[in-house]
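Thank you all for coming; I would like to walk you slowly through one structure, so please have the sequence and the model open in front of you.

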Amino acid sequence: MSLKDLEKRIDKALKKGQKGSAIEPVRLDRNSTFKFRCYPGVSCFTKCCRNMNIILTPYDIIRLKHRLGLSSDLFLRLYTEPELLGITGIPVARLKMLEDEGGRCPFVTKDGCQVYSDRPVCCRYYPIGLASLRQQEKHAGEEDEFFFVVKESHCKGFLEDTEWTVDSWRADQGSDYYDHMNREWMELLLRKRSFGEETEMPPRARELFFMVSTNMERFRSFVFESRFLDTYIVDGKLLRKILEDDVALMQFGFEYLKVAVFGAESDVLKLKEDILHKTVKKIIKRRKKRLRRLQRLAKGRK
Ligand code: SF4
Ligand code: SF4
């Protein structure tokens, strides 16, 4: 199921209280409670680790490739497939399930998850789902996000007696830390509206977004081996850090995407003055050209 389909199912279930849906039609906040326990002795152990639609966040990929001792390139090739999100076609990497083995996750064995301490944030949340409010649907004073329960019939964890709040579950599973790491990236995904509701992300922007979201080695070469540092001013101390540290580089990448793909400002990197002047001149020239074309069209119609 694509994210768009899931979003539709959540909306439907939450609005209409859909019967038979795995998503409970109840909107939870951080203090809402639920009963659940998952442990190796439970009869359904690892049944949920198949046919999952797991979109990997940049931090998920860094943790998993370090865990497996792989380069990003190799990790992506062995364990993921690309996916384009919704109308705007924002590119992301999805964990590839093993279709010829009943759709099982490549990391599950009879003893459980082989990458448990580095499992993706989506697995950490389960059976809780997180939804971000799209900006146009947000009312004053509302939180940016809400939660819901995914109650699948095979999951026996709900018959257990351990009680959690959404927040205590997130802390226990480490998803709050992952959320902290992924927040800027999630915000970039929500900025998709800046391309217009019906507009696809331009190909170059798509390429940059995918590189920063999935491949730290490539992004590092891009920063240090292309004309990047002739274009942007970046603090020397930060440059030394991102040369070694994937997580710092990922966070720097989010700032870069904000500037280069979404046209926002950043405190971390700035266009050099001469490049800025050239860019402004180019934009003015492009706009004048478009205006002239529109004027010609308008005259032709008269
Ligand atoms: S990564 Fe681990 S927890 Fe997540 S689906 Fe795969 S085996 Fe299950
Ligand atoms: S189906 Fe539910 S209880 Fe069973 S292993 Fe998965 S999450 Fe745990």
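I will begin with the chain as a whole, then turn to the two ligands, and end with a pair of helices.

Please keep in mind that this is a predicted model, in which local features need pLDDT of at least 70, side-chain atom pairs count only at pLDDT 80 or more, and totals for chains, interfaces and linings use all residues. Residues are numbered from 1 along each chain as its sequence is written, while chains are lettered from A and ligands numbered from 1 in the order in which they are written.

The protein chain has 12 helices and 11 strands, where helices (H or I, at least four residues) and strands (E, at least two) are DSSP runs numbered from the N terminus.

Around ligand 1 we find Cys49, Met52, Cys105, Phe107, Val108, Cys113, Val115, Arg119, Pro120 and Cys123, each with its C-beta atom, placed from the backbone, within 6 Å of the ligand. The residues surrounding ligand 2 include Cys38, Cys44, Cys48, His154 and Cys155.

Now to the helices: the axes of H7 (residues 203-214) and H11 (residues 246-260) come within 10 Å and cross at roughly 170°, the axes being lines fitted to C-alpha atoms over the stretch in contact, with angles from 0 to 180 degrees between N-to-C directions. The two helices are therefore roughly antiparallel, a term for angles over 145 degrees. Leu208, Phe209 and Val212 of H7 meet Gly253, Tyr256, Leu257 and Ala260 of H11, contact requiring C-beta atoms, placed from the backbone, within 7 Å.

How values were computed. Parallel < 35°, antiparallel > 145°, perpendicular 65-115°, else oblique. Contact = placed C-beta atoms within 7 Å.
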